[in-house]
Amino acid sequence: MTLLNVDAAIPSQTWALVRLLSYLGKSIALDEARALVSPPSLRSEDTSTKPPFDCALSSLQVLGLVQVDSDQQELSLAGPTKTLASSDDLETYTRILRHAVLKADYNKELGADNDATGPRDLTRALAWFLVHDPMEKPIDWVAAQQLLDEKDGKDRRLLKADVLPLFANDTRWPRFGYWATALGLAAAPVIRTEGRGPLVPDCTLAVKQTVLELWQPAQRVNAVEALQVLREHLPVLPGGAHSLAVGIPSPGDSVAGTALSFALLRGHDEKWLRLEHDDDARKILLLHDPERPASPRPVSDITILEPTDG
């Protein structure tokens, strides 16, 4: 099972199944779960494709988020999904799903070959995608192919040859869009853009959730140390373990890179963190600021603020 293939689920399908189990608060017979999530009126007559329920079940099992009792044929939540506060807690589920996809155990030897089992295909694609600048033109299916073209693509040198291709056909790009946005590691363009499935490498949601999960309001952390921690928790960021594994060079131990810089600057503008600069600080983080692209913005500390938008 790979997450970008047609026989895998898209995130909304996995949430429908997890939400049902969370609402019930107990295990349920597999056939009953299938009937509730996928009643006959919603089932496709196309027998050549795997039913959405089965796709969701397989994908969640691969990620260790549900389990099926082989003897009783009962379905239940597994691992971190058991901690969901309620069946409406989509924000927590987003974090759980992202942690599962990026889990080191599911992404071993990412750069050794193009083995796509589990979330590996999605992880490699995310690492490549987050190299790009959110302030540049959104990337659509055609642009992605041009960037990764075997002869002329400028991104070929960013990746180990053994991990290519990232998108073997045009059915995998839309699925990448579903997953990347659901995990908070991409966003749709604010302004309508032509092209098939345009995406912006805006990881603000994932960074915000991670920051607020790791640190308390009013806590002040050194910016370079924060960078290291964020790369550990979001290893598809440039400089993170998954990004390095597929051959993407790190921007530096004290350089955030364009995607993370954009997210931190948004956080400052949206007031869920405050970027500060002390001229006497021993460790300085350099951010790419689109308002001053020729001169990186120095940040010594990050103060976590109470979010005001819920």
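This is a short walk through a predicted model, from a small sheet to the helices around it and on to two covered helices.

Let's begin with the sheet. Three strands make it up, arranged in the order S1-S3-S2, and the sheet is open with antiparallel pairing. Strand S1 (28–29) and S2 are the edge strands, each having a single partner strand, so one side of each lacks a neighbour in the sheet. Helix H1 (residues 11–24) packs on this sheet and touches S1, S2 and S3, with its direction at about 90 degrees to that of S3.

Now look at the pairings themselves. S1 and S3 are joined in the antiparallel sense over 2 bridges, and Ala29 is found opposite Glu74 in S3. On the S2 side, strand S2 (residues 66–69) pairs with S3, again in the antiparallel sense, over 4 bridges. Here you can pick out Val68, whose bridge partner in S3 is Leu75. S2 and S3 form a hairpin with 4 residues between the strands, and Gln73 in that hairpin takes a positive phi near 55 degrees. A further helix, H3 (residues 52–62), lies across S2 and S3 and runs at about 105 degrees to S2.

If you follow the chain onward from S3, you come to a loop. Pro80 sits in this loop, between strand S3 (74–77) and helix H4 (90–102). How exposed is Pro80? Its relative accessible area is 38%, and because exposed would require over 50% and buried under 20%, Pro80 counts as partly exposed. Leaving aside residues up to four places away in sequence, Pro80 touches Leu65 and Ile96. Pro80 and Leu65 are 15 residues apart in sequence, yet their C-alpha atoms are 6.9 Å apart in space.

H4 is a useful guide to the next part of the model, where we meet helix H5 (residues 120–129). H5 is mostly covered, with 10 of its 10 residues buried. Charged and aromatic side chains are easy to spot in that list, which includes Arg120, Asp121, Arg124, Trp128 and Phe129. The buried residues of H5 pack against H4, helix H6 (141–147), helix H7 (172–182) and helix H10 (241–245).

Our last stop is helix H8 (residues 204–214), whose buried residues are Thr204, Ala206, Val207, Lys208, Gln209, Thr210 and Val211. What do the buried residues of H8 pack against? Their partners are H4, helix H9 (223–233), helix H11 (258–270) and strand S8 (301–304). H4 therefore makes a good place to pause, as buried residues of H5 and of H8 pack against H4.

Technical notes: Residues are numbered from 1 along each chain as its sequence is written. This is a predicted model: local features need pLDDT of at least 70, side-chain atom pairs count only at pLDDT 80 or more; totals for chains, interfaces and linings use all residues. Side-chain values use heavy atoms; hydrogens and water are left out. Buried means under 20% relative accessible area, exposed over 50%, partly exposed in between (1.4 Å probe, protein chains only). Contact means heavy atoms within 4.5 Å. Two strands pair if DSSP finds at least two bridges between them. Axes are lines fitted to C-alpha atoms, for helices over the stretch in contact, and angles run from 0 to 180 degrees between N-to-C directions.
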